[in-house]
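Hi,

Here's the structure I promised to pass along. Have a look, and then read on for what turned up.

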Amino acid sequence: MSQKSVELLTITSAPIGMPYQWSVGIYGSRFFEEIRKTQRFVGIRCPQCGKVRVPPRRICGECFCEMDELVYLPSAGTIVAFSVVNYPFLDPSTGKKRPIPYTYGYIQIDGADNIFSHIINETDADKIRVGMRVQAVFKKPEEMQGNIEDIRYFDIIK
Amino acid sequence: MAKRVAIIGTGQTHHRSHRLDVNGREMIYEAVNRALDDSGLTIADIDAIVIGNMDHFESINYVDAWSVEGSGGVMKPIMKVTTGGTTGTSVAIAAYYHVASGMFDKVLAIGWEKNSESDTTGAIVTCSDPVWDRYSYSGAIPSLATEASAYMEKYGATPEDAAYVALRERTHAQNNPYAHMYGRPITLQDVMDSPMLAYPIRLLDICPRTDGAAAVIFASEDVAEKLTPQPAWIQAASVRHTFTWFGDVDQRSGLQSLQRASQEAYRIAGIKNPVDDFDVAELYLPYSYAGLKWIEALGFCEPGEGPQFIRDGHTNMGGKIPVNPSGGVMSTNCIGATALLRVAEAAIQVMGKGEARQVPDVNRALATGFGGCWWSDVMILGKEKP
Amino acid sequence: MSDWRDQTEPLVLKGQIKLPYTWSVGETGSRFLIALRDEQKILGNRCSNCDKVYVPPRKNCGFCFKEIGENDWVELGTEGIVKSYTVVHFESPLQPIKPPFAYALIQLDGADVSLMHLIKDNLDRLENGARVKAKFADNRKGDILDIERFEIIREEE
Amino acid sequence: MEDIAIVGVAQTKYEARKYKETYYDMIYEVTKAALKDSGLSLEDIDNVITVSNDFFDGRTISSMAIGEAAGAHDKNISTVEGDGSFGAFYGAMRVLAGYRSTLVVAHGKGSEGDPRFITNAMFDPVYQRPLGIEAISAAALQANTYMTRYGISERQLAQISVKNLGNAKYNPNAHLAMDITVEDVINSPKVATPLKELDCSPVSDGAAAIIIANAEIAQKAKQPPIWIKAITHCSEAYFLGDRDLAVPKALQDAAQRAYKMAGIQDPRQEIDLVELYDAFSYMEPLWLEGMGFCAPGEGVKLTEQGVTALGGELPVNPSGGVLSSHAILVAGLARIIEATLQLRGQAGKRQVKSARTALAHGINGACGQSHCVWILGGA
């Protein structure tokens, strides 16, 4: 009994996801509602600094003031940055490997002062450049579920 | 009464990719005992404990409660402080305030992570907003790649410039027997030839994932000098967790949080010229390009001059301001401990306990933390009481 | 308040966090679990400072903060006394057996602390002070459920 | 202790499910309301402590979701993961260390996750979690130990729920407020013996904020300052089997140090009301024992004798306590807020007469492994 054990064990967690029901909030819900109804984006303008941010939220953090002025934006923008994701990892939302390659993009929606991130529908890095114009491609309104996947991806505008 | 505060001892594990021989609590116990030994204290001398890590990296809720057997928290005040990558500096700063408040004389700060217990990228993805970002987010690399590309475009920096940073970190790590990458030197060419992860970032441009723990003991001015001949006094601590939304951070501009936090800390500590006023810096640089750009935010050189500053060797051992004698984050990254290791290593330099990695005659040292939504923490340590 | 906020239907996003974790048991714990698995024995260890016998065994005593040595392992009985219990009436997907069942803190013969485990049968006879015995699983894998549950021992036994 | 005070407080209504609001929205609401309550502006706030938990929020770095909503865009900020009373403890230390003021915010939305999973993750992954154990069953083990040790009956404990849910009728923010009888508690569905549904707190959504300030800012604030006379906390061992669950040792330690710090010799005489963390009915008498208000095993007698009633000699949980509103992480901060309102004389129909000194209390970990004690005093 005084010998050191050579076998080092590990314990694996139960293969069950921890469920959540996150509130989207009124501001975010308004964004998804607009997508469903008109397939355009909606941002919100700070009454103090004038910045337009998308998705909309209740306050401007920099000015610490409440915002209520919605700004309707086109569903198109410009690539600020992108990354063709080639490394495998587990998607915590499914428990499975996220399908790769896919392209994660930082997109500046026309008229917005901040960045919106989503998937760009092109995985050949040679065919994407910063500054390219992209257009959101939506699900059919009847298939929309009021979440980020209502935007299927952004297509590069040829 | 508010008290002045010093670090009187540090401890860390020998950091490795997998520590199957110990569970998390036992790994913490190793670091704590080393910090106690370094300070000449026993656990009975410790008045309070602050601990931090990232919940979803080991999936342990209420780590303060779970850890007590290893952290020494049985029948002591212990609280958990956690802020992502900045957790380690947040823990250090919390321990600092514990003592500065006058409520506790000797406080133990612990940071730890057992990254081997989860899929690190999968766990990092859970830090993104579930409603907006989690669907597309793929970890920190793309946003770092954004920053790197924009920096290259603006100032003409090259991948080779960044490789010099990677080389420096790994070369320094060869002097640090605790480093995960100890005993594994690399060449500039190795960095340039390593697999591309997301342009322009290659495998050897980014930090590894590590199992490890760090512990640092903070003491008040009433006891610090009695306990150690050369305490490392905390001269300033400043934090900016500027942004809440990923999309509000503009990686194309300077690292705003680090500029603001360092300017505030410099003002408090009376730093006029960081390169002259600091003798060494332990910076939270998660990838090589940060080593070019973030030293500009810290005022080591003007915007765009980072690459030349590095190539001139100013940040190497023996340079004007050696950066990361420990090997830094790119040589050891047990995430909840990572920023605390910066503070511990800065304290080691001030206390003159750095052995092979010691910079001669350190009077003042800078430590930083980075994490969350491009957040920064800054601490200034020195031989002189503030 | 502008009215659009009152007219917007609040949405809820249903999702999950589903990631596998592989926890290191460590040297000390591995020896305990291997003894359950291979020998159907329950091991504890004793802090040489305070003399407390722990189960599950520990690398160090949390109270004394001293490492527990190689020579301080002890074999405990597979029987013990129920110090506390609760009969659970609600379900959770994480429970290994269906309610009603009991969680109990069981002080094994030779131990100074109690081990948490399950009791399934004869819940009407369960009380603090009841004597119980470990029932080992047939198919043992090196985890705490290698003890399938504890069973109440009849008075006459 | 030096002169530091609570100068602003705010909380949301507690309810089962706040569908409309995100954490961010709730934190903005309480931050704005706490500033309004204090009459201070954001410029008067030096630094911010947020309180959140990555498991409950379903998000790593849960503090990232709310920083700017707490006005922390360009301020020193940190985050405590644990009960709000511990977050407030850190906030108070920062004022003692030289800041003029700290804003402390906490949010909890138990409705968004599944507490059976989230609290299972509090237990040891190797030895306990595979058993499926969670917070309620663990508490039931403590209730069993406590009741058996002292011969306390389920009917006796039921009186705690009757009292606290009754007090909640006078608290407009309370989640549950009901006129119930001991029979109602006894006949409520079994959860984990000896705990029944009405022995257990609901899981609530809510948020709270307090502003802690030095004497200078306290003078500027419009509310009467409520002085912090003592703050302490202490943790016991982790494994339930290592602890004597009927003796809250960590609370004894924290309470005794708090009394010493506040210069209190006879807590029963000198403290006018207690707001404690009664996540389950048995916790109230057990914690009262740990606080030294009565001998071990005699906590329920205080309720039977009417001592802890709203009009009693030592009202306990005049707000309705955690049994009436349990926004996890917020609940300890809510205790501090209720104590503050009582000492200000702003507690409305539940006001304790001539309240000058109050004890507020929070817990962390399973079965009150860690306790935080606050002694507050009015002018």
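Below are some notes on the core, the domains and one chain contact.

Bear in mind that this is a predicted model: local features need pLDDT of at least 70, side-chain atom pairs count only at pLDDT 80 or more, and totals for chains, interfaces and linings use all residues. Residues are numbered from 1 along each chain as its sequence is written, while chains are lettered from A and ligands numbered from 1 in the order in which they are written.

Core first. The largest nonpolar core (buried Ala, Val, Leu, Ile, Met, Phe, Trp, Tyr and Cys joined through C-beta atoms within 7 Å; buried means 20 or more other C-beta atoms within 10 Å, with C-beta atoms placed from the backbone) has 385 residues. Ala109(B), Ile110(B) and Ile210(D) are among those with the most contacts inside it. Helix α14 of chain B (residues 335–351; helices are DSSP runs of H or I, at least four residues) brings the largest share, 12 residues.

Now the domains of chain B, with bounds from an automatic or database assignment: domain 1 is 5–120 + 210–227 and domain 2 is 129–208 + 233–382. Their centres, taken over C-alpha atoms, are separated by 22 Å. Domain 1 puts 36 residues into the contact (C-beta atoms, placed from the backbone, within 7 Å) and domain 2 puts in 33. On the domain 1 side, α4(B) gives the most, eight residues.

Finally, chain B meets chain A with 29 residues against 32 from chain A. Here α6(B) gives the most on the chain B side, with five residues.

Cheers

Definitions and conventions. Buried ≥ 20, exposed ≤ 12 C-beta atoms within 10 Å, placed from the backbone. Helix = DSSP H or I, 4+ residues; strand = E, 2+ residues; numbered from the N terminus. Contact = placed C-beta atoms within 7 Å.
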